[in-house]
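Dear colleague,

I am passing on the structure we discussed, with some notes on what turned up when its side chains and backbone were examined. Please look it over alongside the text that follows.

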Amino acid sequence: MKPIVLIPGGEGDADFTYATGFAVETALYIRFGEGDDVLVTSPLEIERARAQSTAGRHLLLEEAGYEDNGPFVSYARLAARMLREKGHDSARVSPRLQAGYLEALRAAGLEVEVELGLFEA
């Protein structure tokens, strides 16, 4: 199964909150497989993420290798790099993902599938 990449479109992103147990305006979540997931967030949110999130690992943006390349591109490039480090070149995303992130993920060389029922039973 392809990994899942989630980047919230704001604090009310239902799929991001469902997957992570953590409502936040800006972050990156990758589920590589069952029991192998990571939440990447800012220094302002990391302690709250560690306390509230169900993700197995929590990283600061700096620890994950984040580089500021402007809106949408920064998180997309980070996600692509983290996926490639684990041997993945494709991912599934939520239909709630903002179009700018979707296009930036594709521009970063990932094969991206929008899964309409990502978290439906």
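**Charged side chains**

Arg 50 is partly exposed, with a relative accessible area of 38%. Please bear in mind throughout that this is a predicted model. The partner of Arg 50 is Glu 47, and the two side chains meet in a salt bridge with a nitrogen-to-oxygen distance of 3.0 Å. Both residues belong to helix α2, which covers residues 46–52, and because they are 3 residues apart there, about one helical turn separates them. Glu 47, for its part, has a relative accessibility of 54% and therefore counts as exposed, the cut-off for that class being over 50%.

In general, an α-helix has 3.6 residues a turn, so residues three or four places apart point the same way. A second pair with this spacing is found in helix α5, where Arg 106 and Glu 103 lie 3 residues apart, about one turn of the helix. Their side chains also meet in a salt bridge, here with 3.8 Å from N to O, a value that falls within the 4 Å allowed for such a contact. Arg 106 is partly exposed at a relative accessible area of 37%, and Glu 103 is likewise partly exposed, at 49%.

Salt bridges that share partners also join Lys 2, Glu 111 and Glu 113 into one network. Another salt bridge links Arg 48 with Glu 45, whose closest N and O atoms are 2.9 Å apart. Arg 48 is partly exposed with a relative accessible area of 27%, while Glu 45, with 22%, is partly exposed as well. The count of salt bridges in the model comes to 9, and those described here are among them.

**A buried acid without a salt bridge**

Asp 37, in strand β3 (residues 36–41), deserves a separate paragraph. Which side chain of opposite charge is nearest to Asp 37, and how far away is it? The nearest is that of Arg 31, at 4.9 Å, and Asp 37 is buried yet has no salt bridge. The distance to Arg 31 is 4.9 Å, whereas a salt bridge requires a nitrogen and a carboxyl oxygen within 4 Å. A polar atom of the Asp 37 side chain does, however, lie 2.7 Å from the backbone nitrogen of Gly 56.

**Aromatic rings**

The model has 4 aromatic pairs by the rule applied. One of them is formed by Tyr 18 and Phe 119, which are tilted, with 5.2 Å from centre to centre and 55 degrees between the planes. This pair links distant parts of the chain, since Tyr 18 belongs to helix α1 (residues 14–20) and Phe 119 to the segment after β6 (111–114), the two being 101 residues apart. Tyr 18 counts as exposed at 60% relative accessibility, and Phe 119 is partly exposed with a relative accessible area of 21%.

Another pair, Phe 72 with Tyr 101, is edge-to-face, with 4.8 Å between the ring centres and 75 degrees between the planes. Here too distant parts of the chain are linked, with Phe 72 in the loop between α3 (61–64) and α4, Tyr 101 in helix α5 (residues 99–107), and 29 residues from one to the other. Phe 72 counts as partly exposed at 32% relative accessibility, whereas Tyr 101, at 10%, counts as buried. The backbone of Phe 72 is also worth a look, as its phi is positive, about 70 degrees, although Phe 72 is not a glycine.

A ring also takes part in a contact with a charge: the charged end of Lys 86 sits over the ring of Phe 32, 4.8 Å from the ring centre.

**Helix α4 and what follows it**

Helix α4 runs over residues 73–85, and its 13 residues reach 18 Å from the first C-alpha to the last, close to the 18 Å expected at 1.5 Å a residue. Which of its residues are buried? They are Ser 74, Tyr 75, Ala 76, Leu 78, Ala 79, Ala 80, Met 82 and Leu 83. After the helix comes Gly 87, where phi is positive and near 85 degrees.

With best regards

Key. Residues are numbered from 1 along each chain as its sequence is written. This is a predicted model: local features need pLDDT of at least 70, side-chain atom pairs count only at pLDDT 80 or more; totals for chains, interfaces and linings use all residues. Side-chain values use heavy atoms; hydrogens and water are left out. Helices (H or I, at least four residues) and strands (E, at least two) are DSSP runs, numbered from the N terminus. The expected span of a helix is 1.5 Å times one less than its number of residues. Buried means under 20% relative accessible area, exposed over 50%, partly exposed in between (1.4 Å probe, protein chains only). Rings of Phe, Tyr and Trp (its six-membered ring) pair if their centres lie within 6.5 Å; planes under 30 degrees apart count as stacked, over 60 as edge-to-face and the rest as tilted. A charge sits over a ring if NZ of Lys or CZ of Arg is within 6 Å of the ring centre and within 35 degrees of the ring normal. Lys and Arg count as positive and Asp and Glu as negative; His and the chain ends are not counted. A polar contact is a pair of N or O atoms within 3.5 Å; within protein, one must be able to donate a hydrogen and the other to accept it, and residues adjacent in sequence count only if both atoms are side-chain atoms.
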